[in-house]
Amino acid sequence: MMNEKKLGTQALWAGEKDQLVHGATQVPVVHSVSFGYDDMDEWFEVATGQKEGHIYGRNTNPTVQAFEDKVKILEGAEAATSFSTGMAAISNTLATFLYPGDRIVSIKDTYGGTNKIFTEFLPKQQIHVELCDTGDHAAIEKEVEKGCKVLYLETPTNPTVKITDIERMVKAGRAAGALVIIDNTFATPINQNPIELGVDLVIHSATKFLGGHADALGGVVCGREDLVEQIYHYREINGATLDPMAAYLLLRGMKTLHLRIERQNYNAQKLLSI
Ligand SMILES: Cc1ncc(COP(=O)(O)O)c(C=O)c1O
């Protein structure tokens with residue numbers, strides 16, 4: 001577990017500094033869809049990644065970047081990329097890495113939308129899905145050992161709040177050469193940092209605890225840079241981009257993330273002791 005004090009400060013300020021222009025103390029909402037440069041040479045440098053900057057809103061945006069940077073820092077990840085919803089984050093991530101003939105191992109208790117992807121959509125693309133009983137670590141290990149491209153977990157699960165041992169699953173995934181992906185929506189980066197435990201990619205429905213006010217939809221994936229770059233490329237072309245206004249609301253919500261989760265933890269402990 002990371003230093004509590006640091007997490008609170010990071011939730012408040014991390015990732016914002018680069019976007020604070022004109023002396024603003026809060027990240028501005030940049031609605032502009034296109035970004036201009038003085039000459040074609042500079043545009044070309046930005047467009048080809050030789051120079052920092054933005055070209056077109058489906059690819060990147062300053063407000064959206066601040067949100068991605070904040071999540072990246074809170075999760076201790078190398079890189080992050082965002083989406084219009086949590087489901088877009090999950091479906092785009094799976095679509096980036098899974099091809100016909102591949103095999104994915106997961107659990108039966110993932111969020112309903114994720115379960116639909118496993119039971120309805122992936123099989124149509126000849127992707128083999130093995131769903132194990134949630135919490136049956138030996139069964140998951142057995143299926144992973146048979147070989148799989150992705151081991152996909154959600155812990156705690158929504159809504160059944162079942163727990164999986166992340167370190168044990170990372171060990172199994174590593175041994176099989178699988179990518180280990182975790183939906184960390186319910187724990188939040190305040191309670192759990194799966195990257196510290198060896199997970200390759202962490203997903204959040206930002207719509208839930210990150211935003212915290214039920215007024216903005218969003219999703220985010222963070223983790224190893226080489227993997228996040230591939231997911232970003234899939235998303236920038238396929239288009240499930242996070243809207244700058246939603247990014248602003250999520251950033252504003254995240255300023256109280258640490259306080260809200262601390263209180264939720266306290267309340268839950270109280271209920272447990274009744
Ligand atoms: C654990 C979990 N993952 C993913 C999602 C999907 O997120 P969204 O509703 O932002 O698409 C949800 C939504 O409830 C969720 O609880």
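Helices here are DSSP runs of H or I with at least four residues, numbered from the N terminus. Helix α11 is one of them, and Ile261 lies in it. The model is predicted.

**A buried residue in α11**

Buried means under 20% relative accessible area. Ile261 has 2% relative accessibility, so Ile261 counts as buried. Phe209 is 52 residues away from Ile261 along the chain. In space, the C-alpha atoms of these two residues are separated by 8.1 Å.

**The ligand site**

Which residues come nearest to the ligand? They are Met87, Asn158, Asp183, Thr207 and Lys208, out of 13 residues around the ligand. Three polar pairings with ligand oxygen atoms are listed here.

| Residue | Partner of a ligand oxygen atom | Distance |
|---|---|---|
| Met87 | polar backbone atom | 2.8 Å |
| Asn158 | N or O atom in the side chain | 2.6 Å |
| Lys208 | N or O atom in the side chain | 2.6 Å |

On its own, the ligand has 390 Å² of accessible area. The protein covers 92% of that area. Helix α4, residues 86–97, gives the largest share of the shell around the ligand, with 3 residues. By class, the shell has 3 nonpolar, 7 polar and 3 charged residues.

**The largest pocket**

Rolling a probe the size of a water molecule over the atoms shows where empty space is left. The largest pocket holds about 960 Å³ of space. It is lined by 30 residues. Closest to the centre of this pocket are Glu52, Gly53, Thr60, Gln65 and Tyr232.

Which elements give two or more residues to this lining? They are α2 (40–47), α3 (62–75), β1 (79–83) and α9 (225–238). Helix α9 gives the most, with 6 residues. By class, the lining of the largest pocket has 10 nonpolar, 9 polar and 11 charged residues.

**The second largest pocket**

About 310 Å³ of space lies in the second largest pocket. Its lining has 14 residues. Those closest to the centre are Pro156, Phe186, Asn191, Asn265 and Ala268. Two elements, α8 (188–191) and α11 (257–272), give two or more residues to this lining. Helix α11 gives the most, with 6 residues. How do the residues of this lining divide by class? There are 8 nonpolar and 6 polar residues, and no charged ones.

**Around α2**

Helix α2 has a cap at its N-terminal end, provided by Asp39. A side-chain oxygen of Asp39 lies 3.2 Å from the backbone nitrogen of Asp41. Gly49 follows α2, and its phi is positive, near 80 degrees.

Asn61 sits in the loop between α2 and α3. Is Asn61 buried or exposed? Asn61 counts as buried, because its relative accessibility is 3% and the cut-off for buried is under 20%. The side chain of Asn61 reaches the backbone oxygen of Val30 at 2.8 Å. A polar atom of the Asn61 side chain also lies 2.8 Å from the backbone nitrogen of Thr63. The Asn61 side chain thus has polar contacts with Val30 and Thr63.

**Backbone features**

Most residues other than glycine have a negative phi, and most peptide bonds are trans. Several places in this model depart from that pattern.

Where are the cis peptide bonds? One runs from Thr155 to Pro156, with omega near -5 degrees. Another runs from Asn158 to Pro159, with omega near 5 degrees. Pro156 lies in the loop between β4 (150–154) and α7 (166–176). Pro159 also lies in the loop between β4 and α7. Two residues named earlier belong to these bonds. Pro156 is among the residues closest to the centre of the second largest pocket. Asn158 is among those nearest the ligand.

His22 has a positive phi, near 55 degrees, although it is a residue other than glycine. His22 is in the loop between α1 (4–13) and α2. With 82% relative accessibility, His22 counts as exposed, because exposed means over 50%. Gln126 has a positive phi too, near 60 degrees. Gln126 is placed in the loop between α5 (112–121) and β3 (128–132).

Methods. Residues are numbered from 1 along each chain as its sequence is written. This is a predicted model: local features need pLDDT of at least 70, side-chain atom pairs count only at pLDDT 80 or more; totals for chains, interfaces and linings use all residues. Side-chain values use heavy atoms; hydrogens and water are left out. A residue is near a molecule or strand if one of its heavy atoms lies within 4 Å of it. A polar contact is a pair of N or O atoms within 3.5 Å; within protein, one must be able to donate a hydrogen and the other to accept it, and residues adjacent in sequence count only if both atoms are side-chain atoms. Accessible areas come from the Shrake-Rupley method with a 1.4 Å probe; for residues, only the protein chains shown count as cover. Ala, Val, Leu, Ile, Met, Phe, Trp, Tyr, Cys and Pro count as nonpolar, Asp, Glu, Lys and Arg as charged, and the others, Gly among them, as polar. On a 1 Å grid over the protein atoms alone, a cavity is a set of points where a 1.4 Å probe fits but cannot get out, and a pocket is an open set with protein on both sides within 12 Å along at least five of seven lines; lining residues have an atom within 4 Å of a point. Grid points are joined across faces, edges and corners, and a volume is the space filled by probe spheres set on the points. Buried means under 20% relative accessible area, exposed over 50%, partly exposed in between (1.4 Å probe, protein chains only).
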